[in-house]
Amino acid sequence: DIGPYGHFMQKEIFEQPSAVANTLEMVFNAQSISSGLFGSAAERIFSQTKQVLILACGTSYHAGLVARYWLESVAGIPCNVEIASEYRYRSPVADANTLVVGISQSGETADTLAAMNYAKTLGHQHSLAICNVAESALIRQTDLRFLTRAGPEIGVASTKAFTTQLASLLLLTIVLAKLRNKLSSEKERGMIAALRHLPAALQSSLQIEPEVQEWSQRFSEKRHALFLGRGVHYPIAMEGALKLKEISYIHAEAYASGELKHGPLALVDSEMPVVAIAPNDQLLGKLKSNLQEVNARGGELYVFADADTQIEESESLHVIRLAEHAGILSPILHTIPLQLLAYHVALVKGTDVDKPRNLAKAVTVE
Ligand code: F6R
């Protein structure tokens, strides 16, 4: 039942405040976050963990890429993130003190399962699943587990699974940071307070839907689009490009903004819309000069900024502002407008939003 929504995808986009609240429920009343959330052996395993290896596919892989920034900057822990189908056919060097984390909505993705098994045969001893399905193969085969409580995701394009994965990965970051003495209890309380506020912050991000819808008409006439982001928002740009490709069939590519001059700038003309994520962070100044480069080539810019980001609008630079600035949670909030953009462009194009051509919800074959 899709209630008042047009499709499961739209319903699932709007379910994100409650999906994230359910996933974080057990920490909402806590003063501190315990390793026990990840399983009874978690404390022992996490205190031996010297690095993290994340294995996943598609949208779940993008969640892993965001987590790398958090794990490095908050927990001071080295982290690699690998596409499962690549990892399983390489000869990587294993390390017994690495925690291998498989991220999967379905827990049945063949490549992710195979990559997790392969990591074990190579000598990686400790594994953790972040997964949305309690009875899945992934959950059965790992030592530790954390269930995202997004509820069933019906739309083929993943939405609420992604944001609940991110919330879970932030919990993992906090737990690992504490065990490594990288997080004071005061900072931890600050992060818990931010997580507590996350459902409300997601709710206010969703209110920009009508503005995004206004952009979708112009977008639907394009054949290609570029998505730009820097730092922790680069994987969010990748996720936005994937969503647009999947359901609107518009070719979209994401670039780390700093790479623009190294090639993709050659593509920019008035026919190439450029979507940029512009949080008000320390990289904003650099992003603005990237935007000027696009503008100077006649490119049309569509910028998603924070409430307090200083960016001047013009004929060819359109800005939609999120209601707030979310600090460490910013990548989670900036996901919302990109999901909405893909959805509304697909609506204008009249594609089969919940069941895009050629795609399956769970990829159980290679
Ligand atoms: C994109 C999408 C896919 C999945 C990927 C992994 O919207 O849904 O890219 O993210 O197939 O699936 P899971 O997370 O079930 O392992």
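**View 1. Polar contacts of the ligand with Lys243, Ser104 and Thr109.** In this predicted model, the side chain of Lys243 places an N or O atom 3.0 Å from an oxygen atom of the ligand. Ser104 joins in from its own side chain, where an N or O atom is 2.6 Å from a ligand oxygen. For Thr109, the corresponding side-chain distance to an oxygen atom of the ligand is 2.5 Å. If you would like to set up a selection around the ligand, 14 residues surround it. The closest are Ser60, Ser104, Gln105, Ser106 and Thr109. As for confidence, the protein averages a pLDDT of 95, and 100% of the residues score at least 70. The model scores are ipTM 0.99 and pTM 0.97.

**View 2. Helix α11, which contains Lys243.** Here we follow Lys243 back to its helix, α11, residues 234-248. Its 15 residues should span 21 Å at 1.5 Å a residue, and the end C-alpha atoms are indeed 21 Å apart. How much of α11 is covered? Mostly covered is the verdict, with twelve of the 15 residues buried. Lys243 is one of these buried residues, and so are Glu239 and Glu246. The buried set also includes Pro235, Ile236, Met238, Leu244 and Ile247. Just past the end of the helix, Tyr249 has a positive phi of about 60°.

**View 3. Ser106 in the loop between β3 and α6.** Ser106, listed among the closest residues to the ligand, sits in the loop that runs from β3 (98-104) to α6 (110-122). Is Ser106 buried or exposed? Its relative accessible area is 10%, so Ser106 counts as buried. A polar atom of its side chain lies 3.1 Å from the backbone nitrogen of Glu108. Beyond four places in sequence, Ser106 touches Cys131, Val133, Ser136 and Ala362.

**View 4. Asn132 in the loop between β4 and α7.** This loop links β4 (126-131) with α7 (137-141). Asn132 has a relative accessibility of 11% and therefore counts as buried. Its side chain has a polar atom 3.0 Å from the backbone oxygen of Gly151. With neighbours up to four places away set aside, Asn132 is in contact with Ser104 and Gln105, both of which also appear among the closest residues to the ligand. Its other contacts are Leu147, Thr148, Arg149, Ala150 and Gly151.

**View 5. Helix α9 and its bend at Leu198.** Do look for the bend of about 45° at Leu198, with Pro199 following within four residues. The 22 residues of α9 (residues 185-206) should span 32 Å at 1.5 Å a residue, which agrees with the 32 Å between its end C-alpha atoms. Both Leu198 and Pro199 are buried, as are Glu188, Met191, Ile192 and Leu195, among others. An α-helix has 3.6 residues a turn, so residues three or four places apart point the same way. The cover over the buried residues of α9 includes α1 (8-14), α2 (16-28), α8 (160-179), α10 (209-220) and α13 (330-349).

**View 6. His344 in helix α13.** Our last stop is on α13, one of the helices covering the buried residues of α9. With a relative accessible area of 4%, His344 is buried. Leaving out residues up to four places away, His344 touches Glu209, Gln213 and Ser216. His344 and Gln10 are 334 residues apart in sequence, yet 9.3 Å separates their C-alpha atoms in space.

Key:
Residues are numbered from 1 along each chain as its sequence is written. This is a predicted model: local features need pLDDT of at least 70, side-chain atom pairs count only at pLDDT 80 or more; totals for chains, interfaces and linings use all residues. Side-chain values use heavy atoms; hydrogens and water are left out. pLDDT is the predictor's confidence in each residue, from 0 to 100. Helices (H or I, at least four residues) and strands (E, at least two) are DSSP runs, numbered from the N terminus. The expected span of a helix is 1.5 Å times one less than its number of residues. The bend at a residue is the angle between axes fitted to the seven residues ending there and the seven starting there. Buried means under 20% relative accessible area, exposed over 50%, partly exposed in between (1.4 Å probe, protein chains only). Contact means heavy atoms within 4.5 Å. A residue is near a molecule or strand if one of its heavy atoms lies within 4 Å of it. A polar contact is a pair of N or O atoms within 3.5 Å; within protein, one must be able to donate a hydrogen and the other to accept it, and residues adjacent in sequence count only if both atoms are side-chain atoms.
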